[in-house]
Amino acid sequence: MNWSNGIRQIHRWLSILFTLTVVANFVAMALGKPPIWLVYSPLPFIFLLLFTGLYMFALPYARRRQIRP
């Protein structure tokens, strides 16, 4: 497995974890005031998604630049 496939797989799993934490946030808010750690729990996942997403966005442009002489 190369770096691109690994980053893509990590991005997929991070998106699942992020979605689960957001759903847990909404459920906790429906039941009352959620604990502060639960409110901020999606933040690490969204930042990691940002970095992996930007990497995957820039990858085709970087490859195109390497191919051109």
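In this predicted model, residue N25 lies in helix α1, which covers residues 3-31. Helix α1 belongs to a chain that has three helices and zero strands, and the order of elements along the sequence is α-α-α.

N25 offers a useful point of entry into the packing. Its relative accessible area is 7%; because buried denotes a value under 20%, N25 is classed as buried. A polar atom of the N25 side chain is placed 3.1 Å from the backbone oxygen of L38. L38 also appears among the residues that N25 contacts once neighbours within four places in sequence are set aside; the others are V39, S41 and P42.

From this single site, the description may be widened to the whole chain. Buried residues, of which N25 is one, constitute 22% of the 69 residues. The chain exposes about 5800 Å², and 73% of that area is supplied by carbon and sulfur atoms.

The overall dimensions complete the picture. The C-alpha trace spans about 60 × 20 × 15 Å along its principal axes. The radius of gyration of the chain is 17 Å, whereas a compact globule of 69 residues would have a value near 11 Å. As for how the chain meets itself, among contacts with a separation of 6 or more, 71% are between residues 24 or more positions apart.

How values were computed:
Residues are numbered from 1 along each chain as its sequence is written. This is a predicted model: local features need pLDDT of at least 70, side-chain atom pairs count only at pLDDT 80 or more; totals for chains, interfaces and linings use all residues. Side-chain values use heavy atoms; hydrogens and water are left out. Helices (H or I, at least four residues) and strands (E, at least two) are DSSP runs, numbered from the N terminus. Buried means under 20% relative accessible area, exposed over 50%, partly exposed in between (1.4 Å probe, protein chains only). A polar contact is a pair of N or O atoms within 3.5 Å; within protein, one must be able to donate a hydrogen and the other to accept it, and residues adjacent in sequence count only if both atoms are side-chain atoms. Contact means heavy atoms within 4.5 Å. The radius of gyration is taken over C-alpha atoms; the globule rule is 2.2 Å times the number of residues to the power 0.38. Accessible areas come from the Shrake-Rupley method with a 1.4 Å probe; for residues, only the protein chains shown count as cover.
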